[in-house]
Amino acid sequence: MRIGIAGIAGRMGRLLAEEVALAGLVLAGGTLRPGSAKAAPDGAIVLPDSAALFAASDVVIDFTQAAEAVPHARLAAAQGCALVLGSSGLDAAQEAAVAEAAARAPVVYAANFAPGVNLVLALAERMAAALPGAQYDAEIVEMHHRQKVDAPSGTAVAMGRAVAAGRGTTLEEAGIESGRDGHTGPRKPGAIGFAALRGGQVVGEHTLVFAAANEHIALTHRSFDRRAYATGAVRAAQWVRGRAPGLYSMMDVLGMR
Ligand SMILES: NC(=O)C1=CN([C@@H]2O[C@H](COP(=O)(O)OP(=O)(O)OC[C@H]3O[C@@H](n4cnc5c(N)ncnc54)[C@H](OP(=O)(O)O)[C@@H]3O)[C@@H](O)[C@H]2O)C=CC1
Ligand SMILES: O=C(O)C1=N[C@H](C(=O)O)C[C@H](O)C1
């Protein structure tokens with residue numbers, strides 16, 4: 001199986017190249033951002049653009065940036081190539097366009113490819129179903145390295161969506177409270193709160209708190225090494241090859257639904 005890696009010189013791109021080799025798969029090559037000062041890992045073939053990457057690959061893994069998600073999903077659809085999409089920070093229109101392209105190619109899109117996080121998402125939904133929103137305020141706190149460009153993290157948003165689903169609603173309907181500052185007024189009943197911390201080289205930490213008048217319950221996941229994401233993404237690439245077109249998640253890859 002030939003794997004292509006978009007953004008092969010990035011933090012995730014480099015690790016993905018290592019994990020592809022460790023899994024005994026063929027690295028078809030990778031792309032760099034046009035004009036990038038970064039160099040690809042030694043020995044990796046650098047392809048001139050995304051079209052060449054998709055033409056050379058059976059599965060492309062994309063951990064670059066939100067703006068590349070739609071063009072990459074459209075290339076996957078046009079060229080009959082599978083896509084593993086890990087970039088975060090996609091807006092609603094970008095997510096809808098990826099879903100549309102996935103009608104013509106198999107796409108695994110996940111906010112977080114670490115298996116433990118996906119278990120946390122399943123637990124979050126069950127906890128929210130058991131803890132009424134009128135009494136248990138859901139607050140999500142995440143911390144990441146100083147280079148991260150989007151907030152809240154994709155994983156924090158996925159946690160919020162899981163809480164909303166457990167309560168039989170959507171994140172948009174439940175309401176979001178984030179970036180509280182100044183005279184914000186009291187907390188809106190049922191809203192889901194987000195707080196983002198940035199500093200140092202934190203790989204990824206997420207805590208979901210359910211806070212009631214007389215008790216708190218918290219669920220925390222910490223990633224110590226990006227390899228947790230990279231091994232998950234390569235596993236997803238092996239799983240998605242040859243699947244029918246559709247939008248899949250890491251939960252599907254892990255057999256969790
Ligand atoms: N779903 C998950 O499990 C995870 C998701 N992520 C997400 O993955 C993304 C990347 O994270 P990370 O590796 O830390 O970030 P990096 O900035 O280290 O890597 C991204 C790389 O993509 C390159 N790039 C940007 N645009 C293009 C393009 N058009 N073509 C080719 N390469 C391009 C960048 O180049 P340059 O540096 O020159 O700009 C950079 O080298 C983020 O959105 C992050 O949130 C990260 C970890 C886990
Ligand atoms: O940018 C990162 O580093 C990460 N991004 C993903 C996110 O936004 O949730 C996954 C992980 O938290 C690391």
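Which residue in β3 is the bridge partner of Gly-4? It's Val-60, and that pairing is a handy way into this model, which is a predicted one. Gly-4 is a good place to stand while looking around strand β1.

Let's stay with β1 for a moment. The strand covers residues 2-6, and four of its five residues are buried, so the rest of the structure largely encloses it. On one pairing, β1 meets strand β3 (residues 59-62) in the parallel sense, with four bridges between them. Strand β2 (residues 26-30) also runs parallel to β1, again joined to it by four bridges. If you want a register mark for that pairing, take Ile-3, whose bridge partner in β2 is Leu-27. The path from β1 to β2 goes by way of a helix: β1, α1 and β2 together form a right-handed β-α-β unit.

That helix leads on to the first ligand. Helix α1 spans residues 11-22 and, with three residues, gives the most to the shell around ligand 1. The whole shell counts 25 residues, and the closest are Gly-7, Gly-10, Met-12, Ser-36 and Gly-86. What is the make-up of the shell around ligand 1 by class? There are 12 polar residues, nine nonpolar ones and four charged ones.

Now follow the chain out of β2. Leu-32 sits in the loop between β2 and α2 (50-56). Is Leu-32 buried or exposed? With 21 other C-beta atoms within 10 Å, Leu-32 is buried, because the cut-off for that label is 20 or more. Setting aside neighbours within four places in sequence, Leu-32 is in contact with Ile-8, Ala-9, Lys-38, Ala-40 and Val-46. Leu-32 can also be placed against β1's end of the chain: its C-alpha atom is separated by 7.0 Å from that of Ala-6, though the two are 26 residues apart along the chain.

Time to step back and look at the overall layout. The domain assignment splits the chain into domain 1, made of 2-109 + 226-253, and domain 2, made of 115-223. Taken over C-alpha atoms, the centres of domain 1 and domain 2 are 27 Å apart. Eight residues from domain 1 and seven residues from domain 2 take part in the contact. On the domain 1 side, α8 (227-240) and α9 (250-253) each supply at least two of the residues that touch domain 2. That side of domain 1 has four nonpolar residues, three polar ones and one charged one.

Over in domain 2, the strands tell a good story. Strand β9 (residues 204-211) pairs with β6 in the antiparallel sense over seven bridges, and Ile-140 has Leu-208 in β9 as its bridge partner. β9 also runs antiparallel to strand β10 (residues 216-223), with eight bridges joining them. A hairpin of four residues makes the connection from β9 to β10, and Phe-210 stands opposite Ile-217 in β10.

Why does β9 show two such distinct sets of residues? In a regular strand the side chains alternate between the two faces of the sheet. In β9 the covered face holds Gly-204, His-206, Leu-208 and Phe-210, while Glu-205, Thr-207, Val-209 and Ala-211 make up the uncovered one.Gly-204 turns up again in the surroundings of ligand 2, along with Ser-88, Ala-111, Asn-112, His-144, Lys-148, Ser-153, Gly-154 and Thr-155. By class, that shell has seven polar residues, one nonpolar and one charged. Just before Ser-153 in the numbering, look for a backbone oddity: a cis peptide bond joins Ala-151 and Pro-152, with omega at about -10°. Pro-152 lies in the loop between β6 (137-144) and α6 (154-166).

Two more stops round off the tour. Arg-167 belongs to the loop between α6 and α7 (171-174) and is buried, with 20 other C-beta atoms within 10 Å. Beyond its neighbours within four places in sequence, Arg-167 is in contact with Ala-128, Ala-129, Gly-133 and Ala-174. Ala-122, in helix α5 (residues 115-130), is partly exposed, with 15 other C-beta atoms within 10 Å. The C-alpha atoms of Ala-122 and Met-256 are separated by 8.4 Å, with their positions 134 residues apart along the chain.

Technical notes
Residues are numbered from 1 along each chain as its sequence is written. Chains are lettered from A and ligands numbered from 1 in the order in which they are written. This is a predicted model: local features need pLDDT of at least 70, side-chain atom pairs count only at pLDDT 80 or more; totals for chains, interfaces and linings use all residues. A residue is near a molecule or strand if its C-beta atom, placed from the backbone, lies within 6 Å of it. Ala, Val, Leu, Ile, Met, Phe, Trp, Tyr, Cys and Pro count as nonpolar, Asp, Glu, Lys and Arg as charged, and the others, Gly among them, as polar. Domain bounds come from an automatic or database domain assignment. Two residues are in contact if their C-beta atoms, placed from the backbone, lie within 7 Å. A residue is buried if 20 or more other C-beta atoms lie within 10 Å of its own, exposed if 12 or fewer, and partly exposed in between; C-beta atoms are placed from the backbone. Two strands pair if DSSP finds at least two bridges between them. A crossover is right-handed if, with the strands pointing away from the viewer, the path from the first strand over the helix to the second runs clockwise.
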